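Morning, everyone. I have a few minutes on one model, so please look at the sequence and the structure as I put them up.

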Amino acid sequence: SLWPELAVEFSGATASALTEPGNVQASKTLQYLHVSRAERDESIAQRFIVEPSCKRKLAWDIFGFLALTWDFATIPLAAFDPPLQATSRIVSPIITLFWTFDLIFNFFVGFYDKGAVEMRPTLIWRRYFRTWCLPDMAIVIVDWVSIAVDT
């Protein structure tokens with residue numbers, strides 16, 4: 001069997017019967033079941049960890065897309081040194097605040113690793129430090145300095 005840890009029954013068929021060649025739907029079902037197993041630990045930080053595909057994370061990512069769209073539109077315009085509009089004075093700090101919270105939030109979001117959801121805080125933190133933490137910190141610091149200079 002491709003998935004020895006899944007000896008579950010699905011409508012009378014075992015996992016090994018569902019992995020027969022050509023049974024695409026069954027394979028997708030087994031993949032989903034395999035991915036949905038999250039690796040966790042017993043630490044205090046565990047209660048704050050969010051699954052990468054939960055609704056809260058989706059809402060956060062949608063707002064992040066809107067913030068990124070704002071940044072893509074306004075950052076190139078800054079090269080022409082336009083006068084600050086009331087909208088920019090209000091929205092820019094809000095967007096920067098969002099990116100600051102996003103930096104912190106990323107320490108508490110699980111990730112997919114080899115078909116499983118990794119939810120152990122120490123591994124999440126280690127992965128974030130190795131990937132996007134430093135670029136995120138640099139961008140957030142530049143944003144706050146920019147806001148401080150403009151005021």
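One cut-off before I begin: a residue is called exposed when its relative accessible area is over 50%. Keep in mind that this is a predicted model.

I'll take the sheet, then two residues with an unusual backbone angle. The sheet is open and has three strands, in the order β3-β5-β4, with mixed pairing. Which strands stand at the edges? They are β3, residues 38–39, and β4, residues 111–113. Each has a single partner strand, so one side of each is left without a neighbour in the sheet.

In general, the strands of a sheet pair through backbone hydrogen bonds, and they do so either parallel or antiparallel. Here β4 and β5, the latter being residues 116–118, run antiparallel and are joined by three bridges. Within β5, A116 is the residue that D113 stands opposite.

That brings us to the loop between β4 and β5, where K114 is found. Phi of K114 is positive, near 55°, and K114 is not a glycine. As a general point, most residues other than glycine have a negative phi. Is K114 buried or exposed? Its relative accessibility is 78%, so K114 counts as exposed.

The other residue is D81, in the loop that lies between α3, residues 55–74, and α4, residues 86–105. D81 also is not a glycine, and its phi is positive, near 50°. With a relative accessibility of 67%, D81 counts as exposed.

That is what I have; questions are welcome.

Terms used:
Residues numbered from 1 in each chain as written. Predicted model: local features only at pLDDT ≥ 70, side-chain atom pairs only at ≥ 80, totals over all residues. Heavy atoms only, no water. Pairing = 2+ DSSP bridges. Helix = DSSP H or I, 4+ residues; strand = E, 2+ residues; numbered from the N terminus. Buried < 20%, exposed > 50% of the residue type's maximum accessible area, 1.4 Å probe, protein only.
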